Amino acid sequence: MKKTLITGAAGFLGSHLCDRFIAEDHHVIGMDNLITGDIKNIEHLFHLKRFEFFHHDVTKFVHVPGKMDYILHFASPASPIDYLKIPIDTLKVGSLGTLNLLGLARDHGARILVASTSEVYGDPLVHPQNEDYYGNVSPIGPRGVYDEAKRFMESITMAYHRHHGLDTRIVRIFNTYGSRMRLNDGRVVPAFMGQALRGEDLTVFGDGSQSRSFTYIDDQIEGIYRLLMSDYVEPINIGNPDETTILEFAEEIIKLTGTDQKIVFKPLPQDDPMQRQPDISRAKEILDWEPKVHRSEGLKKVFEYFKSLSDEKLWEAHREFLP
C-alpha cells in the first residue's frame, strides 16, 4: 500500500485530496495546523485504518516515521481575506514549510507535489496565461505575501530537483470551487452564494470587467492526481479556460439562486488581477486532462451544498486570527 502525506488536509482542496487518495487505496496521513482548515472536512475519514491525522504546523520541523511514497504540500491560506490577515504565516508556510517538506521528501526518497497558483502570474500582461510566462507581480504589494510565497515555493522546488535529483511536481491551480469552501472566506463563488442566501446585495469590486475562470473541484483533483502520477517536472496549469467577467458571473448567480438582489459596486482592491484564464495546452498534451464539468452544472451542485449548511455557518463572521 502506498503511503501519502497531504498537508493542508483539513482545507478545501486538501480534504478532497484525502478522499481521492483513500479511494486509490493509499494510506493517507493528513497534516494541518487548523488555522484556516476545518477538522469537520475530514471527520468522515477518522474511522478508517488507512487514515491518520496530525495537528501540526509544517513551518516547524516535520517528522513522519516509516516509509513515504508521496507528499502533497497544500498547506497555505488561499483566500485574500485570510492571507491579508496573517501575512507572515502565509510567507512562512510557502518558504519554511516547503523547505521542511522538501527535506522530508529527500529523506524518504518520496515524490513531492507542491501546490502553486495562478497568482504567480500576478496581474498578467499576456492572455491567456501559459506556463512560460514569468508574471507581473508586486513583491511589496499586499497580495505579494501570497504571490511571492508561491513563487519562492516553485523556485526552491526546482532547486531541489536540479541539485538533489528530488522527484518533484508543481501544479499551478486556477480558481477552483466546490463543497467544503467556507462561505465567509472572501473568494467570489462562496461570497456571491452566501450573499444570495442571506438576502444581501452582491458585491462586485471595480466595474466587474475583470475576468476569472472557474474549475469544479472534481476536475481539479483529477488534474492534480494525473500530474503526480506523470513524469513531468515543470509547472503545469490546471484550470478551466472557460472565462467570464465577474459582472457576468454575479448575474449568473442571481439567476441560479432565484433571488432578486441588486449588484453593488465597491473599489477594486490593490493589485487585484484584471484577467485570469489558463492556457491548458500542456495539461492536455502531457496529462490528457481537460475539465469535464460545465460551470452551470458545477454551480448547481455547490449551491445545493451551501443551502444545506446550518444558519450558524451561513451567518458566520469572517474568521479572526491571533497576531
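**Entry 1: a salt bridge across the chain**

I started with Asp19 and Arg180, whose side chains meet in a salt bridge, N to O at 2.8 Å. This is a predicted model, so I read every value here as computed from it. I then looked up where the two partners sit. Asp19 belongs to helix H1 (residues 12-23), while Arg180 is in the loop between strand E7 (176-177) and helix H5 (188-198). That puts them 161 residues apart, so I noted the pair as a link between distant parts of the chain. I also pulled the total for the protein, which comes to 28 salt bridges.

**Entry 2: overall build**

Next I checked the secondary structure and got 10 helices and 13 strands. The radius of gyration is 19 Å, and the globule rule gives 20 Å for 323 residues, so the protein is as compact as a globular protein of that length. Along the principal axes, I find the C-alpha atoms filling a box of roughly 55 × 45 × 40 Å.

**Entry 3: two domains and their contact**

I looked up the domain assignment. Domain 1 takes 3-176 + 216-238, and domain 2 takes 183-212 + 242-275 + 294-315. Their C-alpha centres lie 26 Å apart. For the contact I count 17 residues from domain 1 and 17 residues from domain 2.

How much area is buried between domain 1 and domain 2? I get about 1400 Å², with carbon and sulfur atoms giving 52% of it. On the domain 1 side, the residues losing the most area to domain 2 are His127, Arg143 and Tyr216, which together make up 34% of what that side buries.

Then I went through the polar side of things. Between the domains I have 2 salt bridges and 5 residue pairs in polar contact. The side of domain 1 that touches domain 2 splits into 6 nonpolar, 7 polar and 4 charged residues. I also wrote down the salt bridge between the side chains of Arg143 and Asp272, at 3.3 Å, N to O. Arg143 is already on my list for lost area.

**Entry 4: backbone oddities**

Most peptide bonds are trans, and most residues other than glycine have a negative phi. I went looking for exceptions.

Which residues does a cis peptide bond join? I found His127 and Pro128, with omega at about -5 degrees. Pro128 is in the loop between strand E5 (111-117) and helix H4 (144-164). His127 had come up before, in the domain contact.

My other exception is Asp25, which is not a glycine yet has a positive phi of about 70 degrees. I place Asp25 in the loop between H1 and strand E2 (27-32). H1 is also the helix that holds Asp19, where I began.

How values were computed: Residues are numbered from 1 along each chain as its sequence is written. This is a predicted model: local features need pLDDT of at least 70, side-chain atom pairs count only at pLDDT 80 or more; totals for chains, interfaces and linings use all residues. Side-chain values use heavy atoms; hydrogens and water are left out. Domain bounds come from an automatic or database domain assignment. Contact means heavy atoms within 4.5 Å. Buried area is the accessible area (1.4 Å probe) that two parts lose on being put together, summed over both. A salt bridge is a side-chain nitrogen of Lys or Arg within 4 Å of a carboxyl oxygen of Asp or Glu. A polar contact is a pair of N or O atoms within 3.5 Å; within protein, one must be able to donate a hydrogen and the other to accept it, and residues adjacent in sequence count only if both atoms are side-chain atoms. Ala, Val, Leu, Ile, Met, Phe, Trp, Tyr, Cys and Pro count as nonpolar, Asp, Glu, Lys and Arg as charged, and the others, Gly among them, as polar. Helices (H or I, at least four residues) and strands (E, at least two) are DSSP runs, numbered from the N terminus. The radius of gyration is taken over C-alpha atoms; the globule rule is 2.2 Å times the number of residues to the power 0.38.
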